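Me: I have just opened this entry and would like some help reading it. Could you take me through it step by step?

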There are 2 protein chains.
Amino acid sequence: MSNIEANYIAKLRNSGLRPTKQRIKICEVLFNREKTFHFSISELIKIIQSQHNQKISLATVYNTVHAFRKKGYLKEISIGNDISYFDTNTSSHHHFYDEYTRELIDIDSQEVEIKKTPTPPAGKKIKDIEVTFKISKKF
Amino acid sequence: MSNIEANYIAKLRNSGLRPTKQRIKICEVLFNREKTFHFSISELIKIIQSQHNQKISLATVYNTVHAFRKKGYLKEISIGNDISYFDTNTSSHHHFYDEYTRELIDIDSQEVEIKKTPTPPAGKKIKDIEVTFKISKKF
DNA sequence: ACATACTTTATAATAGTTCTAAACTATAGT
DNA sequence: ACTATAGTTTAGAACTATTATAAAGTATGT
Ligand SMILES: [Mn+2]
Ligand SMILES: [Mn+2]
Ligand SMILES: [Zn+2]
Ligand SMILES: [Zn+2]
């Protein structure tokens with residue numbers, strides 16, 4: 001057993017999730033990365049099947065992603081209105097988004113400064129600010 | 001025939017869309033308003049049926065909304081990842097969004113100022129900036 | 001090893017949306 | 001006004017993402 005794997009097992013146990021081989025594999029795919037990972041369920045399944053030559057059932061992938069989201073290890077992203085996207089960066093942050101390629105890229109908080117924020121409607125308060133910079137190919 | 005109706009007929013014709021009674025009715029529901037209207041297809045159908053006591057088939061409502069979007073009279077909004085929302089404000093603008101009530105409210109451009117914008121990835125340019133101010137009930 | 005609660009899985013169900021094809025209708029040409 | 005035609009509406013089927021079901025499998029405490 002690798003060090004990385006042992007680490008995921010410990011983290012899963014600490015979260016009250018049994019470290020099954022499916023969950024450990026999904027941890028490796030999702031969290032063993034340099035950069036933030038943005039993905040859809042179908043993309044995740046493709047990676048597991050092609051790169052890791054393992055088959056995890058559709059229901060389990062959904063169950064696991066939702067379990068990780070509930071535990072705060074994944075954030076669901078509201079981009080596009082057809083399929084769900086998830087983000088391994090669970091902090092409040094901004095994105096570049098290419099509508100054509102449907103690619104999301106994280107932006108460092110310090111790269112964006114909002115000078116003026118609007119007054120929220122009566123009885124409501126601002127909980128979070130998310131900026132999407134829509135990008136496209138330069139010609 | 002009312003003045004308003006005649007106006008929609010002219011606009012539909014100018015857009016190359018035949019002014020059917022279904023399209024005229026949908027125009028009235030969508031565009032005969034003081035404020036920007038944010039809606040889902042099912043909300044739109046409910047309004048047509050309850051407030052106007054008219055039945056327009058589901059397929060026609062979808063067809064019409066998409067036709068209007070293609071002509072630039074509606075904008076599709078990427079909020080939530082389950083159902084599609086549309087916006088009668090087709091300009092680039094920012095929103096308040098209450099995740100709990102799923103309510104969208106437009107923000108005047110002058111109410112938001114972005115001081116610092118990030119450098120886009122190589123080969124890409126920023127096409128649009130959209131800020132979502134997530135709001136919730138104040139306690 | 002055993003009991004048990006948790007997990008995985010194939011499959012069915014659900015929900016939003018799009019497709020299909022037949023009936024209907026607006027419109028241009030006569 | 002009549003007709004031909006292309007555009008439109010419609011009910012229902014098909015499709016796709018997601019969630020529910022329930023039976024088989026597995027991790028874990030004793
Ligand atoms: Mn959908
Ligand atoms: Mn969906
Ligand atoms: Zn992100
Ligand atoms: Zn708006």
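Reply: Certainly. In this predicted model, a polar side-chain atom of A:Arg13 lies 2.8 Å from a phosphate oxygen of DNA strand D.

Me: What does B:Thr60 do with a polar side-chain atom there, and how far is it from a phosphate oxygen of DNA strand D?

Reply: The distance is 2.9 Å, between a polar side-chain atom of B:Thr60 and a phosphate oxygen of the strand. B:Arg18 uses a polar backbone atom, placed 3.1 Å from a phosphate oxygen of DNA strand D.

Me: Which residues come nearest to DNA strand D?

Reply: There are 21 residues around the strand, and the nearest are A:Tyr62, A:His66, A:Ser84, B:Thr20 and B:Arg23. Of the atoms of DNA strand D that come within 4 Å of the protein, 77% belong to sugar and phosphate.

Me: Which helix gives the largest share of that surface near DNA strand D?

Reply: Helix 4 of chain A does, with four residues. Helix 4 (58-70) of chain A, helix 2 (21-31) of chain B and helix 4 (58-71) of chain B each supply at least two residues.

Me: And how do the residues of that surface divide into nonpolar, polar and charged?

Reply: Eight are nonpolar, seven are polar and six are charged.

Me: Changing topic: what rotation superposes chain B on chain A?

Reply: A rotation of 179 degrees, with 0.0 Å of shift along its axis, does so with an RMSD of 0.1 Å. The two copies are therefore related as by a two-fold rotation axis.

Me: Through which surface do the copies meet?

Reply: They meet through the same surface, because 98% of the interface residues of chain B are also interface residues in chain A.

How values were computed. Residues numbered from 1 in each chain as written. Chains lettered and ligands numbered in written order. Predicted model: local features only at pLDDT ≥ 70, side-chain atom pairs only at ≥ 80, totals over all residues. Heavy atoms only, no water. Least-squares fit on C-alpha atoms with pLDDT ≥ 70 in both. Contact = heavy atoms within 4.5 Å. Near = heavy atom within 4 Å. Polar contact = N/O pair within 3.5 Å; in protein donor to acceptor, adjacent residues only side chain to side chain. Nonpolar A, V, L, I, M, F, W, Y, C, P; charged D, E, K, R; others polar.
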